[in-house]
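Hi everyone, thanks for making time for this one. Please have the sequence and the model open, and follow along with me as I talk.

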Amino acid sequence: LRSGESPADCSGPLTAIVNAMLADGAQSIIVGCTEAQAAMDELSVSIPVIDPVRALAASLVSVAWDRS
């Protein structure tokens with residue numbers, strides 16, 4: 001993606017990676033790159049895909065609401 005490819009351009013290679021992970025028994029995927037999350041959003045994945053940035057943001061909002 002950093003080389004200028006769109007998220008859709010990366011769907012083939014990502015699908016192959018996800019399929020290999022599924023074959024190895026993966027139960028969820030943690031996406032560790034903000035660019036990769038945009039590409040993962042293009043795929044239909046049968047297991048949970050966790051975006052740590054979104055998870056962190058949700059936790060921060062939850063903490064902020066609990067303290068107000």
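The protein chain has a radius of gyration of 15 Å, whereas a compact globule of 68 residues would be near 11 Å. That radius is taken over C-alpha atoms, and the globule rule is 2.2 Å times the number of residues to the power 0.38. Along the principal axes, the C-alpha trace spans about 45 × 30 × 15 Å.

Before we go on, a word on the source: this is a predicted model, where local features need pLDDT of at least 70 and side-chain atom pairs count only at pLDDT 80 or more, while totals for chains, interfaces and linings use all residues. Residues are numbered from 1 along each chain as its sequence is written, and side-chain values use heavy atoms, with hydrogens and water left out.

Now the layout. The protein chain holds three helices and two strands, in the order α-β-α-β-α along the sequence. Helices (H or I, at least four residues) and strands (E, at least two) are DSSP runs, numbered from the N terminus.

Take helix 1, residues 11-23. How far apart are its end C-alpha atoms? They are 18 Å apart, which agrees with the 18 Å that 13 residues should span at 1.5 Å a residue. The expected span is 1.5 Å times one less than the number of residues. After helix 1 comes G25, with a positive phi near 95°.

Let's look inside. Of the 68 residues in the protein chain, 16% are buried. Buried means under 20% relative accessible area, exposed means over 50%, and partly exposed is in between (1.4 Å probe, protein chains only).

Which residues make up the largest nonpolar core? There are nine: C10, L14, V18, I29, V31, A39, M40, L43 and I47. Helix 1 and helix 2 (34-40) are the elements that give two or more residues to this core. A nonpolar core here is a set of buried Ala, Val, Leu, Ile, Met, Phe, Trp, Tyr and Cys residues joined through side-chain atoms within 4.5 Å.

Let's visit a core member, V18, which lies in helix 1. V18 counts as buried, because its relative accessibility is 6%. Leaving aside neighbours within four places in sequence, V18 is in contact with I29, M40, L43 and V45. Contact means heavy atoms within 4.5 Å. V18 and R67, on the other hand, are 49 residues apart in sequence and 39 Å apart in space, C-alpha to C-alpha.

V31 is another core member. With neighbours within four places again set aside, V31 is in contact with A36, Q37, M40, V49, I50 and P52.

Back in helix 1 we also find L22. Is L22 buried or partly exposed? L22 is partly exposed, because its relative accessible area is 29%. Not counting residues up to four places away in sequence, L22 touches S46 and I47. Measuring tape out on screen: L22 and V45 are 9.6 Å apart, C-alpha to C-alpha, and 23 residues apart in sequence.

In the segment before helix 1 sits S6. At 28% relative accessibility, S6 is partly exposed. S6 and E42 are 36 residues apart in sequence, with 10 Å between their C-alpha atoms.

Across the protein chain, 37% of the contacts with a separation of 6 or more are between residues 24 or more positions apart.

Last topic: charges. How many salt bridges does a search of the whole structure find? It finds two. A salt bridge is a side-chain nitrogen of Lys or Arg within 4 Å of a carboxyl oxygen of Asp or Glu.

One of them joins the side chains of R54 and D41, at 3.3 Å from N to O. This pair links distant parts of the chain, with R54 in helix 3 (residues 52-67) and D41 in the loop between helix 2 and strand 2 (49-50), 13 residues apart. R54 also forms a salt bridge with D51, where the closest N and O atoms are 3.4 Å apart. So D41, D51 and R54 are linked in a network of salt bridges, and the two acids differ in cover: D41 is partly exposed at 45% relative accessible area, whereas D51 counts as buried at 13%.

Thanks for listening!
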